[in-house]
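Welcome, and please open the model in your viewer. We will go from one selection to the next and see what is there.

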Amino acid sequence: MGEAKRREKAVLTQALQAMAVDTPGGRIHVQWDHTASASPNAQLTFFAEFLATTGLYQSWVDNCPLSYSSPNAPGKRDVLGTWLLSILAGHKRYAHITGLRGDALSPQILGMEKIISEDALRRALARMSQEQSQSWLAPQLLGSVQAALSTPWILDIDTTIKPLYGKQDGAQVSYNPRKPGRPSHALHTYWVGNL
C-alpha cells in the first residue's frame with residue numbers, strides 16, 4: 001500500500017469517527033453517514049455548540065422577560081427554542097411550526113423538553129409588551145456584533161456572472177458583460193479579513 005493510499009485511508013477513518021460536540025443540551029456525538037439522505041438540520045449541532053461556547057443562547061433565554069405562574073405552562077427555554085428553530089428553518093408563519101413537531105433531536109440539542117405548538121408560541125410572544133421586547137432584544141443584538149464594531153476588518157466582495165440557458169429558476173435579465181440580454185445568476189461571495 002502506497003503512502004497516498006494510507007493517507008487517504010486515514011482521512012476516511014477520521015471522517016467516519018464520531019465527533020464530540022458540546023451543545024446547550026449536553027454533549028452530542030456527531031458521525032457522518034454519506035449513504036443517508038440529507039437532513040435540513042444537519043448543521044444545527046455545530047451552530048448550537050457556537051451558541052453554547054459564546055453564552056449567547058443562555059443569555060438570550062435568561063434575560064427574556066417572559067414568565068409563567070401556571071405549572072402547565074411551557075418553559076421559557078421551550079418557547080424560545082421553538083422560536084429559534086422556526087427561524088433557522090426559514091419559517092415565515094406560525095402555522096409552519098407544526099412541521100417541527102416531529103423532530104426529536106433538535107429540542108435535545110438546544111436543551112429543550114419539547115417543541116411547543118404554534119398557538120402557545122403566539123400567545124407567549126403576545127404577552128410581552130413592545131418596550132419589554134426592545135429592552136430584552138436590543139442588548140442581545142448589539143452584543144452579538146459589538147466585537148466587530150470595535151475591530152478593524154475588511155470585507156471583500158466577489159461577484160460572478162453565470163449565464164443561463166433555457167428557463168432556470170431565478171434567472172433574470174440583468175448585467176451580463178459577455179452575453180448582453182441573456183438571463184443570468186449573479187453569485188456574490190463575501191470574505192471578511194483581519195478578524
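## Around helix H4

Start by selecting H4: its buried residues are covered by H2, H3, helix H5 (105–109), H6 and helix H7 (130–149), among others. Keep in mind on this tour that the model is a predicted one.

Now colour the buried residues of H4, which are Arg77, Asp78, Val79, Leu80, Gly81, Thr82, Leu84, Leu85 and Ser86. If you like, check the length of the helix too: the 13 residues of H4 should span 18 Å at 1.5 Å a residue, and its end C-alpha atoms are 18 Å apart, so the two agree. Just beyond, click on glycine 90, which follows H4 and has a positive phi, near 85°.

Next, zoom in on leucine 85. Which residues does it touch, leaving out those up to four places away in sequence? You should find Leu44, Leu100, Ser106, Pro107, Leu110, Met112 and Ile115.

Leu85 also leads into the largest nonpolar core, a set of 28 residues in which Tyr57, Trp60, Leu85 and Leu110 have the most contacts. To see where this core comes from, select strand S2 (26–30), helix H2 (44–54), helix H3 (56–62), helix H4 (76–88) and helix H6 (118–127), each of which supplies at least two of its residues.

Finally, turn to the surface and select Trp153, Leu155, Ile157, Tyr190 and Val192: together they form a nonpolar patch with about 500 Å² of accessible area. Strand S3 (154–163) and strand S5 (183–193) are the elements giving two or more residues to the patch. End on leucine 155, found in strand S3; this leucine is partly exposed, at 42% relative accessible area.

Key: Residues are numbered from 1 along each chain as its sequence is written. This is a predicted model: local features need pLDDT of at least 70, side-chain atom pairs count only at pLDDT 80 or more; totals for chains, interfaces and linings use all residues. Side-chain values use heavy atoms; hydrogens and water are left out. A nonpolar core is a set of buried Ala, Val, Leu, Ile, Met, Phe, Trp, Tyr and Cys residues joined through side-chain atoms within 4.5 Å. Buried means under 20% relative accessible area, exposed over 50%, partly exposed in between (1.4 Å probe, protein chains only). Helices (H or I, at least four residues) and strands (E, at least two) are DSSP runs, numbered from the N terminus. Contact means heavy atoms within 4.5 Å. Patches are made of residues with over 30% relative accessible area and no salt bridge: like charges are joined within 9 Å, nonpolar side chains (Val, Leu, Ile, Met, Phe, Trp, Tyr) within 5 Å. Accessible areas come from the Shrake-Rupley method with a 1.4 Å probe; for residues, only the protein chains shown count as cover. A salt bridge is a side-chain nitrogen of Lys or Arg within 4 Å of a carboxyl oxygen of Asp or Glu. The expected span of a helix is 1.5 Å times one less than its number of residues.
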